[in-house]
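Dear colleague,

Please find the structure below, together with its sequence. A short account of the findings follows it.

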Amino acid sequence: MSALLILGSLVLLHAGYCSYEYHAFVKTTGSFVPTEIILEVVIGLVIINFGALSSIKSRYRLGITHDEVVWPPLTFLMPINLSEATGVVNSLGISEHEELETRRDFIDVKQKRKEYTEWLANQEA
């Protein structure tokens, strides 16, 4: 876990505690949250977001057609170059639209059943 995530969480926790103590102190009057607490919350959220974005790493993938582990060319996320992206997709053994075509929402079940029946008939013949 990133140190920035821990630091941001502690800042947010402190802001929450300060807000609780402030509202316990001024229960009788209807006042707003002080700007110091609001500023502390904003700073905590910015630190957490920066820590989360800086801790993202690329993971390896398993090839579909060749059962080999394909390591990403870079450890951390970088801007996408189309030629590199298609090279990574081709190294996995799929087309560039394979992920969309194989989603359950887009599969034509009747067509797949027909293909399976034809394949089964060819296997038995």
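The notes below cover the basis of the analysis, one helix and one salt bridge.

This is a predicted model, in which local features need pLDDT of at least 70 and side-chain atom pairs count only at pLDDT 80 or more, while totals for chains, interfaces and linings use all residues. Residues are numbered from 1 along each chain as its sequence is written, and side-chain values use heavy atoms, with hydrogens and water left out.

Helices here are DSSP runs of H or I with at least four residues, numbered from the N terminus. Helix α2 comprises the 20 residues 35–54; at 1.5 Å a residue (times one less than the number of residues), a span of 28 Å is expected, and the end C-alpha atoms are indeed 28 Å apart.

Within α2, the residues I37, E40, G44, I47 and G51 are buried, that is, under 20% relative accessible area with a 1.4 Å probe, protein chains only. They lie on the same side of α2, because they cover an arc of only 85° around the axis, taken from the directions from the helix axis to the C-beta atoms. Their cover includes α1 (3–25), contact being heavy atoms within 4.5 Å. The face turned away from this buried side carries T35, L39, V46, F50 and L53, which are exposed (over 50%).

The count of salt bridges is 1, the criterion being a side-chain nitrogen of Lys or Arg within 4 Å of a carboxyl oxygen of Asp or Glu. K112 pairs with E115, with the closest N and O atoms 3.9 Å apart. Both belong to helix α5 (residues 109–124) and are 3 residues apart, about one turn of the helix. K112 is partly exposed (between the two limits above) at 45% relative accessible area, and E115 is likewise partly exposed at 36%.

Kind regards

Definitions and conventions: Helix = DSSP H or I, 4+ residues; strand = E, 2+ residues; numbered from the N terminus.
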